[in-house]
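Let's go looking for empty space inside a protein. Work through the exercises below with the structure open beside you, and try each task before you read its solution.

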Amino acid sequence: MREKLNEYHITLLVYMIQSAVMFFSLPRLLAENFGTNGWLALLIGSAVATLNIYLISLVYRFGQRRSVFAILEQSFSRIVLVPFYLALATLCAMFGSMALKQYILLFQTVSFPATNPTVFQFLCDILVFLLLRKGIYNISKVATVFYYLTFWMFFTIPYFFDEFRWVRLTPFLFQGGTNQFTDWLELYVAFLGYELSIFLIPYVSEKTRFITAVYRGNFLLTVVYLGSSFICLGFFSFQQVSQLNNPLIDLLAYIELPFVERIENLLFALFIFKIIITTTMYSWVAVETLQRVFTKASGTRISFLVMLGAYLFAYYPEVLPEVDIWLRDLGYMQMCVGFGLPLLLLLCLLLQRIFHKEETPNA
């Protein structure tokens with residue numbers, strides 16, 4: 001009997017998938033796009049993510065814990081599904097590789113300008129490939145270990161209380177920003193990752209409170225986003241945050257320890273664990289999807305091809321602004337998958353129920 005995912009591991013796994021490099025530039029994005037007290041926009045973004053998770057819960061409930069692929073393959077022919085599977089796998093692999101490339105280029109800028117990003121990307125992709133070979137159960141356990149290696153950084157927030165000033169937040173709401181629809185879409189990219197939980201359904205036991213765990217993961221991310229953004233906007237002035245590329249990295253630079261110089265480099269380096277889990281999970285979805293297309297190929301071979309394709313794709317963009325554009329556009333497409341896939345599955349389940357009722361009297 002195969003091991004099932006634990007509720008605790010699911011919570012931490014969802015949190016680790018969601019938090020990516022955008023975390024460090026999030027306060028600037030909030031200030032630029034939403035103006036004063038822009039951190040409140042995070043509550044709206046989290047609420048929308050919660051609504052999406054609710055759609056996933058309906059699929060989980062009415063689908064009777066069947067996988068995404070089982071539901072789709074009962075409603076559509078293989079001719080229709082193969083192009084869809086290929087597009088979905090490509091999108092997930094590209095998004096995961098771009099998230100990793102964004103971190104590598106930022107790490108190069110902050111800490112090691114002479115580091116070759118191509119070599120660093122290659123080493124990280126090898127680690128992702130090794131995790132893919134171990135399967136989702138071991139990935140979730142590794143994510144739990146990585147969580148404890150990184151989450152303690154959140155408790156450095158009290159260090160900045162002495163320089164925190166309430167007056168820097170101002171009593172005005174959403175003034176000074178652009179407040180356009182695309183700004184909300186750009187913010188929502190920071191919450192992506194929870195949508196992959198729909199692919200975990202067949203790996204969860206009946207007794208596990210699966211949807212509750214996903215809600216908790218999103219809530220944990222929201223608390224971290226709110227706490228860090230709130231402190232950053234109160235530590236710097238609104239104008240300063242708007243001008244800093246990565247305010248949280250600059251914030252970490254204010255931490256001084258007698259035995260470590262430039263502690264922000266060490267803390268930022270630990271963030272690679274979060275990115276590895278994000279890239280691994282998007283690559284895992286790509287592998288799971290491609291296995292429905294190439295049924296006779298082994299999982300190891302498909303994992304190798306996915307990582308090879310991801311590496312070659314990430315090799316193309318060479319500068320951080322270009323990667324940011326790629327990641328933003330891929331994030332928009334991933335949003336469509338996040339909302340569109342549960343709605344499509346619910347439609348399939350509804351039609352399957354209708355046709356089943358029509359066939360029952362004739363049986």
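A helix here is a DSSP run of at least four residues, and the helices are numbered from the N terminus. A lining residue has an atom within 4 Å of a point of the cavity or pocket. Keep in mind that this model is predicted. Rolling a probe the size of a water molecule over the atoms shows where empty space is left.

**Exercise 1. The second largest cavity**

Task: Find which element gives the largest share of the lining of the second largest cavity.

Solution:
- Step 1. Begin with the volume: this cavity holds about 100 Å³ of space.
- Step 2. Find its centre in the structure. Among its 13 lining residues, Gln18, Ala20, Phe95, Val189 and Leu327 are the closest to that point.
- Step 3. List the elements that contribute two or more residues: helix H1 (7-18), H5 and helix H12 (272-291).
- Step 4. Pick the leading element. H5 supplies the largest share, three residues.
- Step 5. Check the chemistry: ten lining residues are nonpolar, three are polar and none is charged.

**Exercise 2. The largest cavity**

Task: Work out how the lining of the largest cavity divides by class.

Solution:
- Step 1. Set the scene: the whole structure has five cavities of 30 Å³ or more.
- Step 2. Turn to the largest cavity, with about 280 Å³ of space.
- Step 3. Look around its centre. The lining has 21 residues, and Phe23, Met153, Phe154, Ser228 and Leu252 lie nearest the centre.
- Step 4. Trace the elements: H2, helix H8 (210-235) and helix H10 (247-252) each give two or more residues. H8 gives the most, with five.
- Step 5. Sort by class: the lining has 16 nonpolar, four polar and one charged residues.

**Exercise 3. The largest pocket**

Task: Decide which helix gives the most residues to the lining of the largest pocket.

Solution:
- Step 1. Note the volume of the largest pocket, about 510 Å³.
- Step 2. Locate the middle. This pocket is lined by 19 residues, and the closest to its centre are Ser25, Arg28, Gln102, Glu186 and Asp324.
- Step 3. Name the candidates: helix H2 (22-34), helix H5 (78-110) and helix H14 (320-359) each give two or more residues.
- Step 4. Choose among them: H14 gives the most, with six residues.
- Step 5. Finish with the classes: this lining has ten nonpolar, five polar and four charged residues.

Notes. Residues are numbered from 1 along each chain as its sequence is written. This is a predicted model: local features need pLDDT of at least 70, side-chain atom pairs count only at pLDDT 80 or more; totals for chains, interfaces and linings use all residues. Side-chain values use heavy atoms; hydrogens and water are left out. On a 1 Å grid over the protein atoms alone, a cavity is a set of points where a 1.4 Å probe fits but cannot get out, and a pocket is an open set with protein on both sides within 12 Å along at least five of seven lines; lining residues have an atom within 4 Å of a point. Grid points are joined across faces, edges and corners, and a volume is the space filled by probe spheres set on the points. Ala, Val, Leu, Ile, Met, Phe, Trp, Tyr, Cys and Pro count as nonpolar, Asp, Glu, Lys and Arg as charged, and the others, Gly among them, as polar.
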